[in-house]
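Reader: I have a new model open on my screen and would love to talk it through with you. Could you walk me through it?

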Amino acid sequence: MPPEHTTARPALSRRFSVAPMMDWTDRHCRFFLRLLSRETLLYTEMVTTGALLHGDAARFLRHDDSEHPLALQLGGSSPEELAACARLAEQAGYDEVNLNVGCPSDRVQNNMIGACLMGHPALVAECVKAMLDAVAIPVTVKHRIGINGRDSYAELCDFVGQVREAGCRSFTVHARIAILEGLSPKENREIPPLRYDVAAQLKHDFPDLEIVLNGGIKTIEECREHLRTFDGVMLGREAYHNPYLLAQVDRELFDRDTPQVGRSEALLALRPYIERHLAEGGAMHHVTRHVLGLAQGFPGARRFRQLLSVDIHKTKEPLALLDQAIELLQGR
Ligand SMILES: Cc1cc2nc3c(=O)[nH]c(=O)nc-3n(C[C@H](O)[C@H](O)[C@H](O)COP(=O)(O)O)c2cc1C
């Protein structure tokens, strides 16, 4: 007898995930990353509650079935609106909904979105509770270890403690503070020092919580090392710039014996998706801009990047150009 729910998905693992990144982890990027790793949890770009409730929700929620396991990241601070958006995420089939309490941009601060919410733990707790009450999928929080003016360990524990009381069980910790005035979002990912020790202390003091470490992780070896302390690791920039790293993840971090996909194989597997996108009136570079790092470290890497970032804008035969790029990767 086949199981009753043959389409039921296995329990969500956050052992390895790719971070939410605006303008980067769009649906095309995620489709491509999924060709490299079956097990990695993927996050969308942040979508604000305003965009989802008053904009083109179908466009913001659009994803391919193959992208699972897949989490939607929300930006907002109204419990009612977040609950409504969590419901939309669940209805659209997302496996998790994540609240952004880490983004330091001015634009979002004015709307009480992102890292500034670390200064309002009771409000975050209220938001999380409203979301948890609205949906059956997990609700998680991605945050920093503090913000300027509220960066003591006691304040971090107060934040995590209040959000835990609201029912949240999984926290992704970008292990540096955010400085809300004077630094750009980019500088806020580079200048405040990484404090893995603070994140580790948090795991030690909240052993019942799932704590996922984020910030500055670059290799599978570093992931393995951090997984001795943390429940999961989340990679952002390295996963984007060196996506082939993901091809090792299933074997090395999930103990799966699936064969590692080759670089050219992955790009070849993307071809039908690109054909569909072109048939819908899209441009090839919408998709291939996310694969530029695939040849990283090889003699043909420059040519590969040039084909897909410069020549692509001049050609009338994008698929022929894609085939040239695939050929460059062959045997790699
Ligand atoms: C281009 C870009 C966009 C980002 N957008 C978001 C976002 O929408 N939501 C969020 O929580 N973090 C965002 N981040 C932060 C990342 O999720 C991550 O926390 C940060 O890059 C640190 O991890 P890393 O050192 O592995 O890159 C963004 C980072 C980058 C580089």
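Author: Happily; we will go from the overall fold to a few chosen residues, keeping in mind that this is a predicted model.

Reader: Let me begin with the overall build. What radius of gyration does the protein have, and how does that sit with a compact globule?
Author: The protein is built from 15 helices and 8 strands, and its C-alpha trace spans about 55 × 50 × 40 Å along the principal axes. For 332 residues, a compact globule would have a radius of gyration near 20 Å, and the value for the protein agrees with that: 20 Å.

Reader: Nice. What percentage of the residues count as buried?
Author: Buried here means under 20% relative accessible area. Of the 332 residues, the share that meets this cut-off is 53%.

Reader: And among contacts between residues at least 6 apart in sequence, what share joins residues at least 24 apart?
Author: The count leaves out pairs less than 6 apart in sequence. Of the contacts that remain, the share joining residues at least 24 apart is 71%.

Reader: Now to lysine 142: is it buried or exposed?
Author: Lysine 142 sits in strand β5, residues 139–144, and the UniProt annotation "binding site", from an unreviewed entry, includes it. Beyond its sequence neighbours, it is in contact with residues including Pro20, Gln73 and Asn214, which are also among the positions covered by that annotation. Its relative accessibility is 13%, and the cut-off is 20%, so lysine 142 counts as buried.

Reader: How does arginine 237 count by its relative accessibility?
Author: Arginine 237 is in helix α10, residues 237–241, and the UniProt record also lists it under "binding site". Leaving out residues up to four places away in sequence, it touches Met21, Trp24, Arg176, Arg189 and Glu190. Its relative accessibility is 28%, and partly exposed runs between 20% and 50%, so arginine 237 counts as partly exposed.

Reader: One more residue, please. What distance separates the C-alpha atoms of isoleucine 177 and proline 20?
Author: Isoleucine 177 lies in the loop between β6 (170–174) and α8 (196–205), and at 17% relative accessibility it counts as buried. Its contacts beyond four places in sequence include Arg144, Asp151, Asn188 and Pro192. Isoleucine 177 and proline 20 are 157 residues apart along the chain, and their C-alpha atoms are separated by 18 Å.

Note on methods
Residues numbered from 1 in each chain as written. Predicted model: local features only at pLDDT ≥ 70, side-chain atom pairs only at ≥ 80, totals over all residues. Heavy atoms only, no water. Helix = DSSP H or I, 4+ residues; strand = E, 2+ residues; numbered from the N terminus. Rg over C-alpha atoms; globule rule 2.2 N^0.38 Å. Buried < 20%, exposed > 50% of the residue type's maximum accessible area, 1.4 Å probe, protein only. Contact = heavy atoms within 4.5 Å. UniProt positions renumbered as here; feature names shortened; annotations may be inferred.
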